[in-house]
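Colleague: Please give me a close, unhurried look at the surroundings of the ligand. I'd like to know what touches it and what part of the fold stands behind it.

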Amino acid sequence: MLQHHYPVFKIFRGKRVHFGLTGSVAAYKILELLRLLKKSHIDAGATLTNSAASFVTPLSLQALGADPVYSGSEYDQADIFSHLSPGRTAHSFFVAPATANIISKAACGLGDDLLSTQLLAWKGAAYFCPAMNPAMWDNSAVVHNIDVLIKRGHTIIMPHEGSVACGQTGTGRLAPVADLYYHVLRSLGANDLEGQKVLITAGPTHEYYDLVRFLSNPSSGKMGLAIALACWIRGAQVYFVHGPMAPVSGLPGFEPIAVTTAMGMFDACSSLWHKCDKGIFSAAVSDFAPVPCPDAKFKKHGIKSVCWEMNSNPDILAEMSSRKTSHQTIAGFAAEADHLEENAHLKLRNKQLDIIVANHVQPLQTPFGSNDNKVFVMDKHGRRETWPKLSKAEVAWRLIDWFSLI
Ligand code: CTP
């Protein structure tokens, strides 16, 4: 289900993550996560505590590609160094779902079963993804133990609010699978954008002419979302300003900034751009906004045709580009019905961009809503490339790579 809504990145082939599963009903979500990691060509191993094995079986994990899969409280009979295995082979270690018990053991440094000893033998920082009843999550002992783990350099992927298995409502739900997936990718990446702030625009804008009707376009925002996620996975701080699009909840590390109109997007970008290092403007902004109808709802009253006055919207990309300082770089998009390369070049020059990514749009053949994109890219130094049809995740990744050439 996830892959329909969120991009899957396939650039971590050969990387390995180890999962520690503990006793929570949320353990089944790791099965979905394993499927995604398989699509991303990431290897995974797993260790189940005895309680975790009451919720999911080692066989299910193996069937979804996890290898090795350890279970039980003792050392694996077939591998007497199983307590050292994740430390020797994995690039990151996720305890998911993490119960109050494993959090407490990790905070104290207890090693009384295979998973806790594997954690003791793990040298780097680990990721803990708590899932428990809200009362347990609020318990001062758990609060203290979480604090100890954070101070020791571990990452806590915070549980979400909602209704938990027992029917109670509060904070304690395992973070969504999308959140876990992107955290795994970020944990495996080179973090080449660490310390950088990136502003991304995405989606359409809605320009209302009465209370219920608006002018817009079919942009889905998928391209911008893929860029935002790629930047975040690579370590950036992300400001994702998007027009109306399918809900983007459950994402990691950054809060989407939702706007409706071009003016709203312009205001949001104006307040953020000065503190950013890079800007990537993929939104399909309406160039014009109809002058609002004085009535709450426009009445047709037998009118056969209508001319509607429109005001031009600010060109957000051109305006941000004009405010660009020497340390900032900026990429824009172009949707062109003809003369793709010439028109893209004109936009690159007129809007003073560093990079432009151009799509060819034809009747019934636009990149809107698709998971793939075929683009022509050029930069201010005259470098140009036509890429084959790629997933939007891959276009995003390559585009970010291109910034290092500027
Ligand atoms: N853009 C913007 N604000 C606008 C219009 C466009 O920020 N009011 C940005 C888009 O996000 C994109 C780039 O400008 O990065 C080009 O958008 P496009 O629609 O291809 O072209 P326009 O500049 O609107 O020009 P035209 O529609 O005449 O081709």
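The ligand and its backing

Modeller: The ligand sits in the largest pocket. Here's what that word means on a 1 Å grid over the protein atoms alone: a pocket is an open set of points with protein on both sides within 12 Å along at least five of seven lines, as opposed to a cavity, where a 1.4 Å probe fits but cannot get out; lining residues have an atom within 4 Å of a point. A molecule "sits" there if more than half of its atoms lie within 2 Å of the grid points.

Before you zoom in, keep in mind that this is a predicted model, with local features needing pLDDT of at least 70 and side-chain atom pairs counted only at pLDDT 80 or more, while totals for chains, interfaces and linings use all residues. Residues are numbered from 1 along each chain as its sequence is written, and side-chain values use heavy atoms, with hydrogens and water left out.

Now, the neighbours. The ligand is surrounded by 14 residues, counting those with a heavy atom within 4 Å of it. The closest are Phe 281, Ala 283, Phe 333, Lys 347 and Lys 351. By class, that shell holds 9 nonpolar, 1 polar and 4 charged residues; Ala, Val, Leu, Ile, Met, Phe, Trp, Tyr, Cys and Pro count as nonpolar, Asp, Glu, Lys and Arg as charged, and the others, Gly among them, as polar.

Next come the polar contacts, which are pairs of N or O atoms within 3.5 Å. For Phe 281, a backbone N or O atom lies 2.6 Å from a ligand oxygen. Ile 316 puts a backbone N or O atom 3.0 Å from a ligand nitrogen. At Phe 333, a polar backbone atom is 2.8 Å from an oxygen of the ligand. Taken by itself, the ligand has 570 Å² of accessible area, and the protein covers 76% of that, by the Shrake-Rupley method with a 1.4 Å probe.

Which elements give two or more residues to the shell? They are α12 (316-322) and β17 (329-336), where helices (H or I, at least four residues) and strands (E, at least two) are DSSP runs numbered from the N terminus. The largest share, 4 residues, comes from β17.

Follow β17 outward and you're in an open sheet of 8 strands, ordered β13-β12-β9-β14-β17-β18-β20-β21, with mixed pairing. Strands pair if DSSP finds at least two bridges between them. At the edges are β13 (257-258) and β21 (384-386), each pairing on one side only.

Elsewhere in this sheet, β9 (residues 197-202) and β14 (residues 278-281) run parallel, joined by 4 bridges. Ile 200 stands opposite Ile 280 of β14.

One last oddity sits in the loop between α9 (177-188) and β9, where you'll find Asn 191. Most residues other than glycine have a negative phi. Asn 191 isn't a glycine, yet its phi is positive, about 55 degrees.

Methods:
A polar contact is a pair of N or O atoms within 3.5 Å; within protein, one must be able to donate a hydrogen and the other to accept it, and residues adjacent in sequence count only if both atoms are side-chain atoms.
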